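Subject: Structure for you to look through

Hello,

Here is the structure I said I would pass on to you. Please open it beside this message, so that you can find each residue as you read.

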Amino acid sequence: MTTPKRRGCLGCSWPILIVVVVIVLAIVIIGFLSGGIGQKLFPGIHMPGWLVVPAPEPHLPAPVLFHILGLPVTNTMIAGWITIIFLVLGSWLITRRMKLVPGRVQAVFEFALGWIFDFCASVAGKENGRKFFPVVCTIFLFVIFNAWLSLIPGFGSIEWNGHELLRGANTDLNTPLAIAIVSFIFVEYYGLKTLGIKYMRKFVNIGGFFYSIGQIFSGKAKKGLTGIFSGVIDIFVGVLETLSELIRIVSFTFRLFGNMTAGEILIMVAAFLVPMALNWAVYGLELFIGFIQALVFSGLTLAFASMAITSHDEEH
């Protein structure tokens, strides 16, 4: 006996599909009419106040909400601490009862950490990748969860003394700067730990210059003059290396700050122009951008750390 074929589309019956389409169209139309574009095109249609999104007013400096022991606390600091608490508490809850056959949550957790570890090992080698993994993984998780935290609906709608109670920590210049400084210290530490004093030669290489001056006074003028020219080049290269290390802090900071701030402004503008319609597409884009920024920040830290532990003799 053959069962009759189910009619409909995408596994749904036609009545259910029609109801879903009508609901989606209603959300799009209401969102369009309550947004900035709809209000301009149809000024005679007055939507309820709770549906109308106010015009965005982005502010780059994070407002101070209150003080603790004289220290100012901003809304981005609160969001950053929420991220830290979430990562620490979540890691503890997942790992306190590890199972040989993992459940879904443990499997996702192990997959994410395994993917980051494999990424470190593929760039720096298995031994160095194991050393770099804790810091690189922490930077990746902190940046990506900071970015994704601000995408939770209603995240910035809670107010405190006329200001947003929560705001993405990556949109505060201080947070990307702090992560960039941690990355800088991490790279320089492993460079010094691995190569010792030889690591400083790429910043301060004046031995050849003074040796060539000694050659001139010892009667080898031609060889000494040639060496002085090479020594001046070595000194200049050292200055460039020093500047590149310091400029790296600036580039790391403004890359993350600029992309995250632009994303937040994009969401605010989309929510104002066409609420509930463009938001999902913008949210999906910001999820992807948050992942890319976390990967770029942690990946560059890993790459620079791998370069720092490689001596110039090996490069030659």
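Below is what was found in it, going from the interior to the surface.

Please keep in mind that this is a predicted model. The largest nonpolar core has 33 residues, and among these I116, F132, I179 and F297 touch the most other members. Two or more residues of this core come from each of the helices α4 (104-124), α5 (126-149), α6 (174-195), α8 (221-273) and α9 (279-308), with α5 giving the largest share, 11 residues. If you look at I179 and leave aside its neighbours within four places in sequence, you will find I179 in contact with I139, F142, V143, L256 and F297. There is also a second, separate core of 8 residues, which includes L65, L149, L165 and L166.

A residue to look at next is T253, which is found in helix α8. T253 counts as buried because its relative accessibility is 3%, under the 20% cut-off. Not counting residues up to four places away in sequence, T253 touches L173, P176, L177 and A180.

On the surface, M77, W81, I84, I85, V88, L89, W92 and L93 form a nonpolar patch, and together these residues have about 810 Å² of accessible area. One of them, L89, has its place in helix α3 (residues 75-95). Is L89 buried, partly exposed or exposed? L89 is partly exposed, because its relative accessible area is 45%, which lies between the cut-offs of 20% and 50%.

Best wishes

Note on methods
Residues are numbered from 1 along each chain as its sequence is written. This is a predicted model: local features need pLDDT of at least 70, side-chain atom pairs count only at pLDDT 80 or more; totals for chains, interfaces and linings use all residues. Side-chain values use heavy atoms; hydrogens and water are left out. A nonpolar core is a set of buried Ala, Val, Leu, Ile, Met, Phe, Trp, Tyr and Cys residues joined through side-chain atoms within 4.5 Å. Buried means under 20% relative accessible area, exposed over 50%, partly exposed in between (1.4 Å probe, protein chains only). Helices (H or I, at least four residues) and strands (E, at least two) are DSSP runs, numbered from the N terminus. Contact means heavy atoms within 4.5 Å. Patches are made of residues with over 30% relative accessible area and no salt bridge: like charges are joined within 9 Å, nonpolar side chains (Val, Leu, Ile, Met, Phe, Trp, Tyr) within 5 Å. Accessible areas come from the Shrake-Rupley method with a 1.4 Å probe; for residues, only the protein chains shown count as cover. A salt bridge is a side-chain nitrogen of Lys or Arg within 4 Å of a carboxyl oxygen of Asp or Glu.
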